[in-house]
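Subject: Handover of a structure, with notes on what was found

Dear colleague,

I am handing over to you the structure shown below, together with its sequence. Please keep it in view while you read the notes that follow.

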Amino acid sequence: MVAWSGIPVCTLPWQCLDPLGHHATTCKRGGDVVVRHNTLRDVLAETCHRAHLGIQVEAGNDPTADHSHTHPADLLLTNWTTGKTAAFDISVTSPLNTHTLMEAGVSAGSAALASEGRKHRANDAKCKELGWLCVPLIADTYGAWGNEAVEAFSQLASRLATLTCRPKSAVLRDIYGRLNLHLLRANATAILTRCILN
């Protein structure tokens, strides 16, 4: 919340960490972004298990196959929609990077939408070859999710609502609440780790 409000989160020299912590939420050094990604993947995997969906974690990463530079399935769900298998590709992007900053100032979630397009360009060929649907699930660092994630979470909430006899709106609120709690907690950890280490 402090980072959102524009209050400096660290008083160290800017060379170590920008005072608002924006760099810390995207910096690949130290492994924080990997931990955040894996946490979101695991939370979503657990939700899919509760919805009785067939699921594989980290599927489609065969280094001997063509398109081996792509990794389209953090979660592979069988019989997702119209009997097709879906490759869920989870990612977090920053709305403050130079490519999306101007649009992000006007439209919430625009960074996530731009990342969806990049994921399709990188993964569609491999997914098509394997008979999968490519479904990028992109959040920005502030917790705004892209359109494809919104649609996927809505379908997931419908399944869970039927199984648990709860209102879909309540289930959907829980899905977003759990994912965004872990997202923001991971961001806070990345910021605080850099303040402590520096």
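A strand, as the word is used here, is a DSSP run of E of at least two residues, and strands are numbered from the N terminus. By this definition, Ser91 lies in strand β3. Please note that the model is a predicted one.

**Overall layout**

The protein contains six helices and four strands. Read from the N terminus, its elements follow the order α-α-β-β-β-α-α-β-α-α. The protein has 198 residues, of which 42% count as buried. Among contacts with a separation of 6 or more, 56% are between residues 24 or more positions apart.

**The sheet**

In what order do the four strands lie in the sheet? They form an open sheet arranged as β1-β2-β3-β4, with mixed pairing. β1 (55–59) and β4 stand at its edges with a single partner strand each, so one side of each lacks a neighbour in the sheet. From one strand to the next, the twist averages 30 degrees.

β2 and β3 run antiparallel and are joined by four bridges. Within this pair, Leu75 stands opposite Phe88 in β3. β3 and β4, by contrast, pair in the parallel sense, over nine bridges. Here Thr93 stands opposite Asp140 in β4, and Ser91 has Ile138 of β4 as its bridge partner.

Is β3 enclosed or open? Nine of its ten residues are buried, so β3 is largely enclosed by the rest of the structure. Ser91 shows this at the level of a single residue: its relative accessible area is 19%, and buried means under 20%, so Ser91 counts as buried. Leaving out residues up to four places away in sequence, Ser91 touches Lys119, Leu137, Ile138 and Ala139.

**Two residues with a positive phi**

Most residues other than glycine have a negative phi. Asn79 and Thr82 may be read against that background. Asn79 lies in strand β2, and its phi is positive, near 55 degrees. Thr82 belongs to the loop between β2 and β3 and has a positive phi near 50 degrees. The hairpin of β2 and β3 has two residues between the strands.

Are these residues buried or exposed? Exposed means over 50% relative accessible area. The value for Asn79 is 51%, so Asn79 is exposed. Thr82, at 72%, also counts as exposed.

**The nonpolar cores**

In soluble globular proteins, nonpolar side chains tend to be buried together. In this model, the largest nonpolar core has 30 residues, and Leu44, Phe88 and Leu137 have the most contacts inside it. Two or more residues come from each of α2 (32–50), β2 (73–81), β3 (84–93), β4 (132–140), α5 (147–164) and α6 (168–197). Which of these elements gives the most to the core? It is α5, with seven residues.

Leu44 is a useful residue to select in the viewer. Not counting neighbours within four places in sequence, Leu44 is in contact with Leu75, Phe88, Ile90, Leu137, Phe153, Leu156 and Leu179. There is also a second, separate core of seven residues, including Ala59, Ala73, Leu76 and Cys134.

**Helices against the sheet and against each other**

Helix α2 packs on the sheet and touches β1, β2, β3 and β4. The direction of α2 makes about 160 degrees with that of β1. Helix α5 lies across β2, β3 and β4, and runs at about 105 degrees to β4.

α5 also packs with helix α4, which covers residues 110–130. The two helices meet at an angle of about 85 degrees, and their axes are 8 Å apart. Angles of 65 to 115 degrees count as roughly perpendicular, and α4 and α5 are therefore roughly perpendicular to each other. Which residues make the contact? They are Leu113, Glu116 and His120 of α4, together with Asn147, Glu148 and Ala149 of α5. By type, these residues divide into two nonpolar, two polar and two charged.

**Where to begin**

I suggest beginning with Ser91, which is buried, and then turning to Leu44, one of the residues with the most contacts inside the largest nonpolar core.

With kind regards

Methods: Residues numbered from 1 in each chain as written. Predicted model: local features only at pLDDT ≥ 70, side-chain atom pairs only at ≥ 80, totals over all residues. Heavy atoms only, no water. Core = buried A, V, L, I, M, F, W, Y, C linked by side-chain atoms within 4.5 Å. Buried < 20%, exposed > 50% of the residue type's maximum accessible area, 1.4 Å probe, protein only. Contact = heavy atoms within 4.5 Å. Pairing = 2+ DSSP bridges. Axes fitted to C-alpha atoms, helices over the stretch in contact; angles between N-to-C directions. Parallel < 35°, antiparallel > 145°, perpendicular 65-115°, else oblique. Nonpolar A, V, L, I, M, F, W, Y, C, P; charged D, E, K, R; others polar.
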